[in-house]
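This report describes the fold, the packing and the backbone geometry of one protein chain. The sequence and the model are shown first, and the description follows.

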Amino acid sequence: YLLFTTPTCPNCRIIEKFLDEHHVDYEIKDALENKDLTRKYGILQAPTMVVESAEGPQLYVNTGSIMSFINQSKGTAA
């Protein structure tokens, strides 16, 4: 997974901790330093997680939607 963050985003730190606690493999991309990737995926806010799938990239925007996706994918309650 790619996690787009910014240096001043407090919710980005929250979701990083959540992902670490749930043993999720992800790669942090600073949205400001990776403008080409940000444009490619249409990232408009941080945090946003990009999940590549057979249907193409799926975007989960904000801590709530990222947490829900992780909980659903791991089969745990939200």
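## Fold and backbone geometry

Along the sequence, the elements of the protein are arranged in the pattern β-α-β-α-β-β-α. The coordinates are those of a predicted model. In total, the secondary structure amounts to 3 helices and 4 strands.

**Overall dimensions.** The radius of gyration of the protein is 12 Å, which agrees with the value near 12 Å that a compact globule of 78 residues would have. Taken along the principal axes, the box filled by the C-alpha atoms is roughly 35 × 30 × 20 Å. Of the 78 residues, 37% count as buried. Among contacts in the protein with a separation of 6 or more, 53% come from residues 24 or more positions apart.

**Surface and charge.** The accessible surface is about 4,800 Å², and carbon and sulfur atoms contribute 52% of this area. The protein has 7 positive and 10 negative charges, and the mean positions of the two groups are 4 Å apart.

**Helix α3 and its surroundings.** Helix α3 spans residues 63-73, and its buried residues are Thr63, Ile66, Phe69, Ile70 and Asn71. An α-helix has 3.6 residues a turn, so residues three or four places apart point the same way. The buried residues of α3 pack against strands β1 (2-5), β3 (48-53) and β4 (56-61), as well as against helix α1 (10-21). At the N-terminal end of α3, Asn62 acts as the cap, with a side-chain oxygen 3.1 Å from the backbone nitrogen of Gly64. After α3 comes Gly75, which has a positive phi near 75°.

**Backbone exceptions.** Most residues other than glycine have a negative phi, and most peptide bonds are trans. Two residues other than glycine with a positive phi are tabulated below.

| Residue | Phi | Loop | Relative accessible area |
|---|---|---|---|
| His23 | about 55° | between α1 and β2 (27-30) | 68% |
| Asn62 | near 85° | between β4 and α3 | 36% |

His23 is exposed, whereas Asn62 is partly exposed. Asn62 thus appears twice in this description: as the cap of α3 and as a residue with a positive phi.

A further exception concerns the peptide bond from Ala46 to Pro47, which is cis, with omega near 0°. Pro47 belongs to the loop that lies between α2 (35-41) and β3.

Methods: Residues are numbered from 1 along each chain as its sequence is written. This is a predicted model: local features need pLDDT of at least 70, side-chain atom pairs count only at pLDDT 80 or more; totals for chains, interfaces and linings use all residues. Side-chain values use heavy atoms; hydrogens and water are left out. Helices (H or I, at least four residues) and strands (E, at least two) are DSSP runs, numbered from the N terminus. The radius of gyration is taken over C-alpha atoms; the globule rule is 2.2 Å times the number of residues to the power 0.38. Buried means under 20% relative accessible area, exposed over 50%, partly exposed in between (1.4 Å probe, protein chains only). Contact means heavy atoms within 4.5 Å. Accessible areas come from the Shrake-Rupley method with a 1.4 Å probe; for residues, only the protein chains shown count as cover. Lys and Arg count as positive and Asp and Glu as negative; His and the chain ends are not counted. The place of a charge is taken as NZ of Lys, CZ of Arg, CG of Asp or CD of Glu. A polar contact is a pair of N or O atoms within 3.5 Å; within protein, one must be able to donate a hydrogen and the other to accept it, and residues adjacent in sequence count only if both atoms are side-chain atoms.
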